[in-house]
Number of protein chains: 2
Amino acid sequence: MKIVRTIQEWRSIRRSFEQQTVGFVPTMGYLHDGHISLIKEVQQHADITVLSIFVNPLQFGQNEDYGSYPRDEEKDTNMAQLAGVDYVFIPDVKEMYPAPTRTKVHIEGITEQLCGRSRPGHFDGVATVVAKLFNIIQPDYACFGQKDAQQAAVIHQLITDLNIPVELIICPTIREEDGLARSSRNIYLDSEQRQHATILYEALRDGFKEVEAGERKTETVKANMFKKINSVSMAHIDYVDILSYPSLGGLSQLQGKILMAVAVRFGATRLIDNFIIEVNDQEVTLCFGI
Amino acid sequence: MKIVRTIQEWRSIRRSFEQQTVGFVPTMGYLHDGHISLIKEVQQHADITVLSIFVNPLQFGQNEDYGSYPRDEEKDTNMAQLAGVDYVFIPDVKEMYPAPTRTKVHIEGITEQLCGRSRPGHFDGVATVVAKLFNIIQPDYACFGQKDAQQAAVIHQLITDLNIPVELIICPTIREEDGLARSSRNIYLDSEQRQHATILYEALRDGFKEVEAGERKTETVKANMFKKINSVSMAHIDYVDILSYPSLGGLSQLQGKILMAVAVRFGATRLIDNFIIEVNDQEVTLCFGI
């Protein structure tokens, strides 16, 4: 496995691939099993696997955790090597932004709800850095997790609208045994918070079961999920929402492909989780992808 | 020469090029000698020449000339063939925008002055379609004219900020014998307007001479250029401006690389022109490019 720190070095490596396809997993590092599952998936499609590690300042708000976002390059590169990654691209901030970027990629409509509401500018920062990384890595395949379902919808829209020549692969969320979704931010939780953090998963599971049992009113299911999370006094709800997926439009009745999404703060730590479900007249199924 | 109308067809042709480099000239058609000079220039760099013809609705304002913009596909493809173009990409609007784009590429700072002021949203439309075309054509070189100097600065910023793997080539403005810059919109002019349209060139030339003679106050040079154009009663000034280039910042004193730019309406027809000059203590020279 080779570590690459500059765009110029990567470009010269990229030119040496002739018929081989490139699979790409962009990350902010502090790898966990969720990231490893993305690596394993992209390896099924591509000849060469590239992982990037870059904590992108552009997608953090002024009062967010950019400075304290967990970083551990040595552990990350060891995990990447064990997972069979061929190249790890680790640019520093000056390499990615030698001058403040004047170019912003904005996705209308699907960036204003959910995390976009509490993190204004976040998805512009995501779309812009992903556009940059696609232009640098020039992958044939790129793999993202469903854990960040709104992000997946944004990247899907970016690729579609800008005709980016990359195939998007979305992978299911990886969970701890008690249901908590894997996240680099889970290490912020103290033991009591960690114990109660399963409430996100439990609320989603209950919401899914309610729809499975026949409930079709969005407001009813949302209200019950909200009540469930609120039963944990240290859990502060940012949002509980149910929207069409991936268009993220409002719904009065549950029908079609649907995103059930929650964001909850435990102290300073903000956790997100979601289920994607398919509601037909006959059945209700859990699914993933766009 | 082959005409290609769909993205899918082009992608399969593009994959067949192995070591050959691709040079790209994006246009809105109605080709003139200015476009031909771009084709000739890109042929000096690349093995394969691709010309696109697409009148991009996204870069026209509601009251602008999208509907009436001159089109002549047969003449254009004949001229392209004579010029030695290998592929002409002529997508229709549905091919480029199968659904309204939710993704907009915005360049801050250098899109607000000059044409950006009188054509709000224009450069977002340009940046977005050029990002799309770059992702579709995947050129190694792309050639634009200095006639659209602000556009060239915008594309330069787009390529830099988004790390687009293309080399930008800017070509000098091609003029009629009397100095009028070649433009597809010149055919809108009636004979009297055409005769007076040289005032753009004359004002720029006089402004340049004034700087050459030692004047360094921006406002003085601008005022004289303004007065010159205003001497033609049928000429309605949109702007006369002098800015740093390519950063397009304001200047009180003329020093360094400078854009002198004018936009003037003759009836419903809006013409633009510019000089790029380099001002040092010792000398003042005409130049082009970024």
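# Exercises on strand pairing, sheets and the interface of chains A and B

Strand 5 (residues 103-107) of chain A and strand 5 of chain B pair in the antiparallel sense over 5 bridges. The model is predicted: local features need pLDDT of at least 70, side-chain atom pairs count only at pLDDT 80 or more, and totals for chains, interfaces and linings use all residues. Residues are numbered from 1 along each chain as its sequence is written, chains are lettered from A and ligands numbered from 1 in written order, and side-chain values use heavy atoms, with hydrogens and water left out.

**Exercise 1.** Describe the interface of chain B and chain A, starting from the strand 5 pairing.

*Solution.*
- Step 1. Strands pair if DSSP finds at least two bridges between them; strands (E, at least two residues) and helices (H or I, at least four) are DSSP runs numbered from the N terminus. In the strand 5 pairing, Ile107(A) stands opposite Thr103(B).
- Step 2. With contact meaning heavy atoms within 4.5 Å, 27 residues of chain B touch 27 residues of chain A.
- Step 3. Buried area is the accessible area (1.4 Å probe) that two parts lose on being put together, summed over both. For chain B and chain A this is about 2,500 Å², and carbon and sulfur atoms give 44% of it. On the chain B side, Arg102(B), Leu162(B) and Asn163(B) lose the most area, together 29% of what that side buries.
- Step 4. A salt bridge is a side-chain nitrogen of Lys or Arg within 4 Å of a carboxyl oxygen of Asp or Glu. The interface has 2 salt bridges; Glu108(A) and Lys104(B) meet in a salt bridge at 3.2 Å, N to O.
- Step 5. The elements of chain B that give two or more residues to this side are helix 1 (7-15), strand 5 (103-107), helix 6 (122-137) and helix 7 (149-161).

**Exercise 2.** Give the strand order of the open sheet of 6 strands in chain A, and place helix 2 against it.

*Solution.*
- Step 1. The order is 1-4-3-2-6-7, with parallel pairing. Strand 1 (2-4) and strand 7 (167-171) of chain A are the edges, each pairing on one side only.
- Step 2. The twist averages 25° from one strand to the next; axes are lines fitted to C-alpha atoms, for helices over the stretch in contact, and angles run from 0 to 180 degrees between N-to-C directions.
- Step 3. Helix 2 (residues 33-45) of chain A packs on the sheet and touches strand 2, strand 3 (48-53), strand 6 and strand 7; its direction makes about 155° with that of strand 6.
- Step 4. Strand 2 (residues 22-27) and strand 6 (residues 141-145) of chain A are joined by 2 bridges, with Tyr141(A) as the bridge partner of Gly23(A).

**Exercise 3.** Work out which strands of the 8-9-10-11 sheet of chain A stand at its edges, and what packs on this sheet.

*Solution.*
- Step 1. The 4 strands form an open sheet with antiparallel pairing. Strand 8 (236-244) and strand 11 (284-287) of chain A have a single partner strand each, so one side of each lacks a neighbour in the sheet.
- Step 2. Strand 9 (residues 256-266) and strand 10 (residues 269-279) of chain A pair over 11 bridges, and Leu259(A) stands opposite Ile276(A).
- Step 3. Helix 9 (residues 199-212) of chain A packs on the sheet, touching strand 9, strand 10 and strand 11, and makes about 20° with the direction of strand 10.
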